[in-house]
Amino acid sequence: MNVNCVGIDVSKGKSMIAVMRPLGEMVIPPFEVRHTDVELCELSSRLRGLDGETRVVMEATGNYHLPVASFLYDSGFYVSVVNAMLVHGYGNNSLRRAKTDKKDAIKLANYGLDHWLALPRYIPEDEVRLMLKTTYRQYQQCTKVQTMLKNNLISLLDTAFPDANRLFTSPAKADGSEKWVDFVAAFWHCECVCGLTEKGFTSKYQKWCKKHGYNFSEEKALDIYASACGHFSVMPKTDTAKLLVDQAVSQLRAASAALAALRNEMQSLAASLPEYPVVMGMFGVGPALGPQLMAEIGDVRRFTHKGALVAFAGMDAPPFQSGTFDSKSRRISKRGSPHLRKTLFMVASTILQHSDPDNPIFQFMDKKRAEGKHFYVYMVAGAAKFLRVYYARVMAHLALLDAEANTAA
């Protein structure tokens, strides 16, 4: 029986297609297809007309490959989406380093033929998990914007109202608003405070607290007044200066509100997943980190064993041995998801900060620390151990749910 391997070199909005058979036989020379419904339907019909078994191979290219992979999967084809690093070094046995979309399509088709039996089958992500992951990625981007805007506002206040951001330590509200930001929106210049009498500012501050729903403290009002009178402002109290601070506050409030909305949506999406109660019950995981973990790991059942999950996070240390040499000190691969590694590092930091002596992961990290290991060594080791525990608990919970479902049926 003939076998046909379809190599698809994906780019934005279009792809280059080539179909190969063993021994270098070219069935269909490279041709271009745009990612439109009409042209993808024509591609599907053309591939169905091939004699023998057909498999499709393409590289994972962010979001560009998703329309083609999903369409061909829904059309009934065997689709395999492979890591670009696996294909990058394949077949480079030429002195000329030529690269074109046509050559890449042929290269992918030949790669698929050589790895025919080992090609992993592409399965689209569940809709909820896909939306959770996308929401988390947007949350990360919005966090960066919020940090930038917060630093910008603090920089402005250093010339108008120095140390205004340090006057309050209250945590942010559920809607993302912060007390110091609301305060500088009303008292944007130190002269807005020290231009009043002590009693006058205390009265005005009390009214402001009542209006915005904050607790009033006369002692705090006196501290704020003393801080404002004790600083020298470089920026004059003008309409232009007020405009700059107002704009900075407005932008920061918008970013904080967007973050709060995304955080709530992540919680709502994560709560609908079957592993949610198990993940949220793990030590070191809170309402923010729990949805992040589930977003980046996805369905844990796609990993054959706990080591595969650790490798997916890029926290595995591959062996390095040659002859009589066997390295005992190795670095992690970092070939997995950087977003997942960041989340795991925050989980490990939380576990370390709480220092619960009964927690096995903290015990493990504390043991490594006592041995004199570097900070990053025991942090990575603790994060990897957390992943293995995560895999075991979630898999056991999902197996129990499946058993209950089968019993009920």
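Which residues have the most contacts inside the largest nonpolar core? They are Leu-344, Phe-386 and Tyr-390, in a core of 44 residues. Welcome to this structure, which is a predicted model. The points below walk through its nonpolar cores, its two largest pockets, and two residues with a positive phi.

**Nonpolar cores**

- Eight helices are worth finding on screen here, as each gives two or more residues to the 44-residue core: H5 (127-160), H10 (239-271), H11 (276-280), H12 (289-297), H13 (306-312), H14 (338-354), H15 (360-370) and H16 (375-408).
- Among these helices, H16 contributes the most to the core, namely ten residues.
- Phe-386 makes a good starting point for a closer look: beyond its neighbours within four places in sequence, Phe-386 is in contact with Met-282, Phe-283, Val-285, Leu-293, Leu-344, Val-347, Ile-351 and Ile-361.
- There is also a second, separate core of 34 residues, including Ala-164, Phe-187, Ile-224 and Leu-252.
- As background, nonpolar side chains in soluble globular proteins tend to be buried together.

**The largest pocket**

- This pocket holds about 2,100 Å³ of space.
- Its lining is made up of 49 residues, and Ala-60, Val-81, Lys-133, Arg-302 and Phe-312 are the closest to the centre.
- At least two lining residues come from each of helix H2 (66-74), strand E5 (78-82), helix H3 (84-88), H5, H12, H13 and H14.
- H5 has the largest share of this lining, with seven residues.
- By type, the lining consists of 24 nonpolar, 13 polar and twelve charged residues.

**The second largest pocket**

- Here the volume is about 880 Å³.
- Of the 27 residues in the lining, Arg-330, Arg-331, Ile-332, Val-377 and Val-380 lie nearest the centre.
- H14, H15 and H16 each provide at least two of the lining residues, and H16 gives the most, with eight.
- The lining of this pocket comprises 15 nonpolar, two polar and ten charged residues.

**Two residues with a positive phi**

- Leu-23 is not a glycine, yet its phi is positive, near 65°.
- You can find Leu-23 in the loop between strand E2 (14-21) and strand E3 (25-34), where Leu-23 counts as exposed because its relative accessibility is 91%, over the 50% cut-off.
- Asp-163 is also a non-glycine residue with a positive phi, of about 65°.
- Asp-163 sits in the loop between H5 and helix H6 (179-186), and with a relative accessible area of 28% Asp-163 is partly exposed.

Definitions and conventions
Residues are numbered from 1 along each chain as its sequence is written. This is a predicted model: local features need pLDDT of at least 70, side-chain atom pairs count only at pLDDT 80 or more; totals for chains, interfaces and linings use all residues. Side-chain values use heavy atoms; hydrogens and water are left out. A nonpolar core is a set of buried Ala, Val, Leu, Ile, Met, Phe, Trp, Tyr and Cys residues joined through side-chain atoms within 4.5 Å. Buried means under 20% relative accessible area, exposed over 50%, partly exposed in between (1.4 Å probe, protein chains only). Helices (H or I, at least four residues) and strands (E, at least two) are DSSP runs, numbered from the N terminus. Contact means heavy atoms within 4.5 Å. On a 1 Å grid over the protein atoms alone, a cavity is a set of points where a 1.4 Å probe fits but cannot get out, and a pocket is an open set with protein on both sides within 12 Å along at least five of seven lines; lining residues have an atom within 4 Å of a point. Grid points are joined across faces, edges and corners, and a volume is the space filled by probe spheres set on the points. Ala, Val, Leu, Ile, Met, Phe, Trp, Tyr, Cys and Pro count as nonpolar, Asp, Glu, Lys and Arg as charged, and the others, Gly among them, as polar.
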